[in-house]
Amino acid sequence: TSASKMGFIVPPLNEFTNYEADEMTPDGDMVSEVEPGMLEELPPGYDFKQFSPSEPGGDYDPFMSRTLKGIASGLDVSAHKLSSDLSGVNYSSGRLGELDDRDTWRIFQSWMSETLNDDVAISWLDVQLLGGLLITPNGSALPYAKFDKFAVPSWRPRGWLWVDPLKDQQAGERGIAMKTNTRTRMAAEQGEDLEEIFAEIQAEQALAERYGVKLIDPMPNGTSVKLQDEPVEVVA
């Protein structure tokens, strides 16, 4: 309403002239439509009173903020992520919202793997083995008898790094030392594959030996990692 400037045409007191409006309402009231930049000359004696509502004015931003928060709640995402507005977000609230968002995305990732990826992969493997299209390095096709062996796909969805990766690494090291966590899980949480990491480390070591470079272990055996004033022995 505020974007459409409106007004009322007031006839002179106790007088009536033949003023023709653009259209008439069912009750016989005259209605004249206007367009931006258009000027209309009124009959002698007629006056124009402007109707210019000021809403929403200063209430627009709070209204939109509250609306987006309601939408975000229904979508199970953080409001600042949905609106891309980080104003009013501090470290604690942002961290809490980030953790909730990641839990939600992990649920979607699992659902995607179980309901789509698995079915697609199994169907693809079935067709490939039946058609003899999977060729081994020696040139022979994989037999269909190997179906059960290969029908166990493993999916690696994307992971997330925290804003303070040092604390994540230290917590992971402590979990490994206490046998409550594994390197495989740590890598998976970041969207990485442990076997690929080990392969890269092996390749780095071979490359270093080739060029006569001695790699220094940043965490040699026996190094203590201090977490909350408690030393933890980390064995590489």
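This report walks through a predicted model of one protein, from its overall layout to a few single residues.

## The overall layout

Let's begin with the whole chain. The protein has 7 helices and 6 strands. If you read along the sequence, the elements come in the order β-β-β-β-α-α-α-α-α-α-α-β-β. Try tracing that pattern in the structure above.

Buried residues account for 18% of the 236 residues in the protein. The surface that the protein exposes comes to about 18,700 Å², and carbon and sulfur atoms supply 56% of it. What share of contacts joins residues at least 24 apart in sequence, among those between residues at least 6 apart? The share is 51%.

## How confident is the prediction?

Because this model is predicted, each residue carries a confidence value called pLDDT, which runs from 0 to 100. The mean pLDDT of the protein is 80, and 73% of its residues reach 70 or more.

Where is confidence highest, and where is it lowest? Helix α7 (residues 194-210) has the highest mean, at 93, while strand β6 (residues 230-233) has the lowest, at 46. Over residues 227-236, pLDDT stays under 50. For that stretch, the model has 27 contacts beyond four places in sequence.

## Asp-101 and its neighbours

Now let's zoom in on helix α3, where Asp-101 is found. Is Asp-101 buried or exposed? Asp-101 is buried, because its relative accessible area is 5% and the cut-off for buried is under 20%.

Leaving aside residues up to four places away in sequence, Asp-101 touches Asp-76, Val-77, Ser-78 and Lys-81. One of these partners, Asp-76, lies in the loop between α1 (60-75) and α2 (79-83). With a relative accessibility of 46%, Asp-76 counts as partly exposed. Its backbone is worth a look too: Asp-76 has a positive phi of about 65 degrees, although it is not a glycine.

## Another positive phi

Ser-84 also has a positive phi, near 55 degrees, in a residue other than glycine. You can find Ser-84 in the loop between α2 and α3. Its relative accessibility is 66%, so Ser-84 counts as exposed, the cut-off for that class being over 50%.

## A nonpolar patch on the surface

Which residues make the nonpolar surface patch of about 380 Å²? They are Trp-111, Met-112, Leu-116 and Val-120.

Let's take Val-120 as an example. Val-120 is found in helix α3, which covers residues 91-130. Its relative accessible area is 47%, so Val-120 is partly exposed.

## Pro-153, a loop residue

Our last stop is Pro-153, which sits in the loop between α4 (147-150) and α5 (165-177). Its relative accessibility is 32%, so Pro-153 counts as partly exposed, the class that falls between the buried and exposed cut-offs of 20% and 50%.

What does Pro-153 touch, not counting residues up to four places away in sequence? Its partners are Asp-118, Ala-121 and Ile-122. Pro-153 can also be compared with Ser-113: the two are 40 residues apart in sequence, and their C-alpha atoms are 9.6 Å apart in space.

Note on methods:
Residues numbered from 1 in each chain as written. Predicted model: local features only at pLDDT ≥ 70, side-chain atom pairs only at ≥ 80, totals over all residues. Heavy atoms only, no water. Helix = DSSP H or I, 4+ residues; strand = E, 2+ residues; numbered from the N terminus. Contact = heavy atoms within 4.5 Å. Buried < 20%, exposed > 50% of the residue type's maximum accessible area, 1.4 Å probe, protein only. Patch = residues over 30% accessible without salt bridge, like charges linked within 9 Å, V, L, I, M, F, W, Y side chains within 5 Å. Areas by Shrake-Rupley, 256 points an atom, 1.4 Å probe, with all protein chains shown as cover. Salt bridge = Lys/Arg side-chain N within 4 Å of Asp/Glu carboxyl O.
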